[in-house]
Amino acid sequence: MAKQRKWPVLLMSTALIAGLLAGCGGKNDSGASPSGSAPASGSSSASASATPEDLKPITLTYYSEDVNPNWANMQDETGKYITEKTGVTLNAEFAVGDAAQKSALIASSGKYPDIISAKGNINKFVDAGAVIDLTDLIDKYAPNIKKVYGDQMKRLRYSNEDHAIYALPTYSGVGQINFEAGGGFELQHRVVKELGYPKIRTVKDYENAIKQYLAKHPTDDKGNKNIGLTLNADDWHMYISVTNPAVQTTGGSDDGEYSVDINTQKVTYHFLRPEEKEYFRWLNHMNAEGLLDKESFVQKYDQYKAKVASGRVLGLIDAIWDYADGENALKAEGKFDQTYGHYPVTMDESTKDPSFWPTGFMAGWGVAISKTNPDPVRTIKFLDWLASDEGQVLLNWGIEGKHYTVENGKRVMIKEVNDRRINDATNFAKETGIGFYNLMSAHYGDGVKDPTGNYYTLKNPQQLVENYSDVEKEVLKNYGATIWKDLFPKEDEFKVKPWGAAWNIPIPSDNDATVLDEKLKNITWKMIPKAILAKPEEFDAVWADYIAQLEKADVHKAEQLHEQLVKDRVKLWNE
Amino acid sequence: MQAVPTPHPAASRSVGAKKSNFWKVALRNRYLYMMSLPFVIWAFVFSYYPLWGWLIAFQKWKPGKSIWEQKWVGFDQFKALFQDDLFYQVLRNTVAMSVMGLIASFTVSITFAIMMNELRGMFFKRAVQTISYLPHFVSWAVASSIITRMLSSDNGVVNDLLMWLGLIQQPVQWMGQGHLFWGIVTVSDVWKETGWNAIIYLAAMAGIAPELYEAAKVDGASRLRQIWHITLPGIRSTIIILVILSIGNLINTGFEKQFLLGNNLVRDYSQVLDLYSLQYGIQLSRYSFGTAINIFNSVVSLVLLFTANGIFKRMTKESII
């Protein structure tokens, strides 16, 4: 037995020695880095311009939840330019598969990348004490970041209890104006063309257009049946194509699964709004009329895209990025009259389509600096450089003379470069790196002009029209518009939501709302298709059953929890 | 794992006598022990060492803190699990699909193996075998896509065929009806795995001594009699071992097919335990809850395994432990 007892002792001592060694190593590291960064910070606080010390090459590790499959280790043209200007090289790591899991893993591992972009999962890093407060760093070393955020700075604060800034919101641009109407209800151009450009404003107009066209053309030229309207209900696409439109057609702003009263901030599970029952009743009616694709709730996403690509589907209720793959196939075949236009369809004429309801600056997701970062000052200066006018133009437009030129004070993309950008997007991105670094620091949104009077980003009305096909332009002309957005109610017709958007409010993982939401989602995703596919005379009974199930699953408790979250957000952002 | 039992009988016999005897035996069998050591280590590292992580099922675990700094909550996670109505629904679905799969896959693949065994044309036999086990290598992601398209009501093969035969007037919405889902999963599973599962039976049949068949023929036994009295008893122990192991895995069926074939209309029938733990555990960052489900899984599996083993031991004198 004595023999056996030696083992633990030996093990223990090995572990201790290893621990000691590790401890010493750690000390050496932490001892070295402040001394290394101290001179740099001293000199930089004296002058904001780059000193040679600031450009000392440094490699920082970077973790992002968003995969960039084209990432070229900063060997692209933009990347090289950034390294030249800042001395920083990024060693990037991306989340593959479930990003939330990867983030949780990193947060609990204790080995943190230097720069962390963890979107909605940043709270895991904050809970673990992995990221540092940036308030002072921004104040001292980041004039450009401060300038870009301007009076939105208080939206950067983490919570009412903790006013620290852990993440620079980089996923939304400051002052962003959306030009692209990518939502609403979609109709193929051939439908409106054939019917002489009828007014498409209410669900009835929309239904009639589909009905009339389908009566004239029940099949395509190969004899396959044309499909009136198909929905995309595979997994989370359900939100985009089935449930969110219910809010939209009844004039509510998109706040995720809950609707928030703009005046009282009362939160309702949006399916409980009586108006929405009528929207689903309309879908039920579409199904009974045979205008709704019978497979809507059975098909998988790839089948849906294939259907769109076949050109047989007359109408969609979806977002452009969700069906773009299918539509691109139509474009590639030159079937432009089978591509889609966007119409601000609502239940009745008195309801305004809320697609452009302004949210204000949407802080939240962005870039954080970890506590193990060897040189936070250099890091924030690097991020600050990206947020400078020079940096932002570089990230969006590339390098002057190489990718764009300035003619009479107007910044234009060189034609050959722009053609490659559109037609050879992947290789173009790999070589130039344009678009790789946009989400790494503070930036202005689309539609904001820099001091020279040019747009910071490439997305502007002019650029949009250039990408339209001739058919699309013709349809728009007949509706008296130049871009689809012209058909929709404008931002200034709505009152800005002081909480941004409720779907963007992070829910702490120990909040009961997470589990309640999942349960409610299960019920909704099950019962909504059932209600739509029911016989019209049974619709009311199914709906009553649905509401009863929601009540049983504590929907009102979930509403209260969310109301609290919304109120906290309003307080945090506006006090 | 295989190497462990070999020296064990020798050791256990001597334990009864004297303690020094054990060391004597151990010394004598030292090479056997050394040979088994890597497997013992392997089993320890991969199967037993991770078990300490089960502790988090009794905590409210949050990332970033060590396991000792977490909040202990006792059996709260288990309470939450057993109080959830949904849990019983997914348990029902899991067990139903497993049992259906178990019965179908055993009967079909054994029948198939017997038919293959009776085939005489070598070329034909090989061809059939290869074709039949090919679907096994098709991933569920692809297979489910094939299945949904075949069963589609928009130009799906199955509906077209049935309409052409005049059996139905309108295309049937196969994938949209909850009560058909279990059947569809079972049939797809049979299509995918029959050929593969038959291989092991064919191998067992190849081990049956040909003299037995010759003797039976001399006694005037027909083909069917030969199958009944020689082939089936010949592979009996193989079947029993596989049945016991499958019963042990009854609720660990994975979720691929249900996840890929299911949709919102059949949710009540398609959700299985693994999907449930994914949705309500990991995806909501409820790691402790997920672990609790896992523990439940393991306990049930162990109970099932030992029960099945015990029953077969008593009934047929065959068992794996």
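Contact, as the word is used on this tour, means heavy atoms within 4.5 Å. The structure on display is a predicted model.

**First stop: A:Lys119**

Select A:Lys119, which sits in the loop between β3 (115–117) and α4 (122–127) of chain A. Display its surroundings, leaving aside neighbours within four places in sequence: A:Lys119 is in contact with A:Glu65, A:Asp66, A:Tyr171, A:Trp365 and A:Gly366. Is this lysine buried or exposed? A:Lys119 has a relative accessible area of 17%, and buried means under 20%, so A:Lys119 counts as buried. Next, add A:Ser64 to the selection. A:Ser64 and A:Lys119 are 55 residues apart along the chain, and their C-alpha atoms are separated by 8.3 Å.

**Second stop: two residues with positive phi in chain A**

Move to A:Met74, in the loop that runs between β1 (58–64) and α2 (77–86) of chain A. Although A:Met74 is not a glycine, its phi is positive, at about 65 degrees. The relative accessibility of A:Met74 is 1%, so this residue counts as buried.

Then select A:Asp235, in the loop between β6 (227–230) and α9 (237–249) of chain A. A:Asp235 is likewise not a glycine and has a positive phi, of about 50 degrees. Its relative accessibility of 39% means that A:Asp235 counts as partly exposed.

**Third stop: the nonpolar cores**

Which residues touch the most other members of the largest nonpolar core? Among the 75 residues of that core, they are A:Tyr206 and A:Phe280. Colour α19(A) as well, since this helix supplies the largest share of the core, 8 residues.

Centre the view on A:Phe280 and hide residues up to four places away in sequence. The residues that A:Phe280 then touches are A:Val242, A:Ala246, A:Phe271, A:Ile528, A:Ile532, A:Phe539 and A:Trp543. Another core, of 56 residues, lies apart from the largest one. To find this second core, select A:Phe94, A:Leu134, A:Ala142 and A:Phe361, which are among its members.

**Fourth stop: α19 and α21 of chain A**

Show helix α19 (residues 513–533) of chain A together with helix α21 (residues 555–574) of chain A. Their axes lie 10 Å apart, and the helices pack at an angle of about 130 degrees. The two helices are therefore oblique to each other. Their crossing is left-handed.

To see the contact itself, show side chains on both helices. From α19(A), select A:Ala513, A:Leu516, A:Asp517 and A:Leu520. From α21(A), select A:Val555, A:Lys557, A:Ala558, A:Leu561 and A:His562. Coloured by class, this contact comprises 6 nonpolar, 1 polar and 2 charged residues.

**Fifth stop: α5 of chain B and its two partners**

Turn to chain B and select helix α5 (residues 85–118) with helix α12 (residues 236–248). Here the packing angle is about 160 degrees and the axes are 11 Å apart. That angle makes α5(B) roughly antiparallel to α12(B). The crossing of this pair is right-handed.

On the α5(B) side, display B:Leu102, B:Phe106 and B:Ile110. Opposite them, α12(B) presents B:Ile239, B:Leu242, B:Val243, B:Ser246 and B:Ile247. By class, the contact consists of 7 nonpolar residues and 1 polar residue, with no charged residues.

Keep α5(B) in view and add helix α11 (residues 223–234) of chain B. These helices pack at an angle of about 115 degrees, and 12 Å separates their axes. Their crossing is right-handed. The residues to show in α5(B) are B:Ile110, B:Ile114, B:Asn117 and B:Glu118. These meet B:Arg223, B:Ile227, B:Thr231 and B:Leu232 in α11(B). The classes in this contact are 4 nonpolar, 2 polar and 2 charged residues.

**Last stop: B:Asp84**

Finish at B:Asp84, in the loop between α4 (76–82) and α5 of chain B. With a relative accessible area of 9%, B:Asp84 is buried. Which residues does B:Asp84 contact once its neighbours within four places in sequence are left aside? B:Asp84 is in contact with A:Lys519 and B:Tyr276.

Finally, zoom out to include B:Arg223. B:Asp84 and B:Arg223 are 139 residues apart in sequence, and their C-alpha atoms are 54 Å apart in space.

Notes. Residues are numbered from 1 along each chain as its sequence is written. Chains are lettered from A and ligands numbered from 1 in the order in which they are written. This is a predicted model: local features need pLDDT of at least 70, side-chain atom pairs count only at pLDDT 80 or more; totals for chains, interfaces and linings use all residues. Side-chain values use heavy atoms; hydrogens and water are left out. Axes are lines fitted to C-alpha atoms, for helices over the stretch in contact, and angles run from 0 to 180 degrees between N-to-C directions. Helices (H or I, at least four residues) and strands (E, at least two) are DSSP runs, numbered from the N terminus. Angles under 35 degrees count as roughly parallel, over 145 as roughly antiparallel, 65 to 115 as roughly perpendicular and the rest as oblique. A crossing is left-handed if the near helix is turned anticlockwise from the far one by less than a right angle, and right-handed if clockwise. Ala, Val, Leu, Ile, Met, Phe, Trp, Tyr, Cys and Pro count as nonpolar, Asp, Glu, Lys and Arg as charged, and the others, Gly among them, as polar. A nonpolar core is a set of buried Ala, Val, Leu, Ile, Met, Phe, Trp, Tyr and Cys residues joined through side-chain atoms within 4.5 Å. Buried means under 20% relative accessible area, exposed over 50%, partly exposed in between (1.4 Å probe, protein chains only).
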